[in-house]
Amino acid sequence: MTIQLPQLPYSENALEPIISEKTIQFHYGKHHQAYVQKTNELTDHTELKDKTLEEIVLYAASDSVYATLFNNAAQAWNHSFFWNSLKPANETKKIPERLMKLIIQDFGSIENLKKELIQKGLAQFGSGWVWLVYENEHLKVISTSNANTPITSGSQIPLLTIDVWEHAYYLDEQNRRGDYLNNLVEQLLNWTFAAQNLPTTEERG
Ligand code: MN3
């Protein structure tokens, strides 16, 4: 089994005008594709070749000698998760009730959560990701640098992510990361996907 570039959950122009078709063609078609291809090159003819992408990420995170594999595999995973974290601006996604209750519990309001996503995105120095995660019955906003991902934490379950690498917005917004974040957070986040990632009652034990 080799890792595949997953289909986008919408067409390449579906996120316009916030994320242009041209950005998707580079970001998904070139960057994400390259992470998938490099992961396959590095695992081909090794004991990892039949593992899932998530298993490869966890394995590569265990020792810094696998840093190149980790960076490529984690970026492949993070990008798949990112595309699923978005939806077209004209598709309204009401926040499912269980998620909304947690948002009120931990942030006070959806507006506070949105502000924190934007602030953490602006504060992330250099390349990285902003995440809404679930940990110990609570929601948190965290950021990670470069390819780092909460799936290696052992305790944080990612619900949504936002790519804040320059390649995510430079063609559309140049250096205006704040405009990218504001528009994406207000209009493109897929709260249905976020709620689907919450653990079920049984998984929480
Ligand atoms: Mn990216």
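Two strands count as paired here if DSSP finds at least two bridges between them. With that in hand, let's walk through this predicted model, starting in the sheet and ending at the metal.

**Strand β1 and its neighbours**

Strand β1 covers residues 128–135. On one side, β1 is joined to strand β2 (residues 138–145) by eight bridges, and the two run antiparallel. To pick out one position, V133 has K140 as its bridge partner in β2. β1 and β2 make a hairpin, with two residues between them. β1 also pairs with strand β3 (residues 157–163), again antiparallel, through six bridges. Here W131 is a handy landmark, since T161 is its bridge partner in β3.

How many of the residues of β1 are buried? Eight of its eight, so the strand is mostly covered. In a regular strand the side chains alternate between the two faces of the sheet. In β1, G128, V130, L132 and Y134 point one way, while W129, W131, V133 and E135 point the other way, and all of them are buried.

**Aromatic company**

W129 and W131, both on that second side of β1, are both buried. The model has nine aromatic pairs in total. W129 and W131 make up one of them, a tilted pair with 6.1 Å centre to centre and 40° between the planes. They also belong to a bigger group: Y28, W77, F81, F82, W83, W129, W131 and F193 form one aromatic cluster.

**The manganese site**

Which residues hold the manganese ion? The protein donors are H27 (NE2), H79 (NE2), D163 (OD) and H167 (NE2), and they lie 1.9 to 2.1 Å from the ion. Along the chain, these donors follow the spacing H-x51-H-x83-D-x3-H. H27 sits in helix α1 (residues 21–43) and H79 in helix α3 (residues 67–85), so this pair ties together parts that are 52 residues apart in sequence. H27 and H79 are both buried.

H32 is another histidine worth a look, and it lies in helix α1. Is H32 buried or exposed? It's buried, with a relative accessible area of 0%. Leaving out residues up to four places away in sequence, H32 touches L5, P6, H27, A76, H79, S80 and W83. That contact list includes two of the manganese donors, H27 and H79, as well as W83 from the aromatic cluster.

**Backbone oddities**

Most residues other than glycine have a negative phi, and most peptide bonds are trans. A few places in this model go the other way. The peptide bond from E16 to P17 is cis, with omega near 0°, and P17 is in the segment before α1. H45 and N136 are residues other than glycine with a positive phi. H45 lies in the loop between α1 and α2 (53–60), whereas N136 is in the loop between β1 and β2, which is the turn of the hairpin described above.

Here are the two positive-phi residues side by side:

| Residue | Phi | Relative accessible area |
|---|---|---|
| H45 | near 65° | 73% |
| N136 | near 50° | 61% |

Both count as exposed: H45 at 73% and N136 at 61%, because exposed means over 50% relative accessible area. For contrast, go back to H32, which is buried at 0%.

Technical notes: Residues are numbered from 1 along each chain as its sequence is written. This is a predicted model: local features need pLDDT of at least 70, side-chain atom pairs count only at pLDDT 80 or more; totals for chains, interfaces and linings use all residues. Side-chain values use heavy atoms; hydrogens and water are left out. Donors are N, O and S atoms within 2.8 Å of the metal (3.2 Å for Na, K and Ca); water is not among the atoms, so sites may look incomplete. Helices (H or I, at least four residues) and strands (E, at least two) are DSSP runs, numbered from the N terminus. Buried means under 20% relative accessible area, exposed over 50%, partly exposed in between (1.4 Å probe, protein chains only). Rings of Phe, Tyr and Trp (its six-membered ring) pair if their centres lie within 6.5 Å; planes under 30 degrees apart count as stacked, over 60 as edge-to-face and the rest as tilted. Contact means heavy atoms within 4.5 Å.
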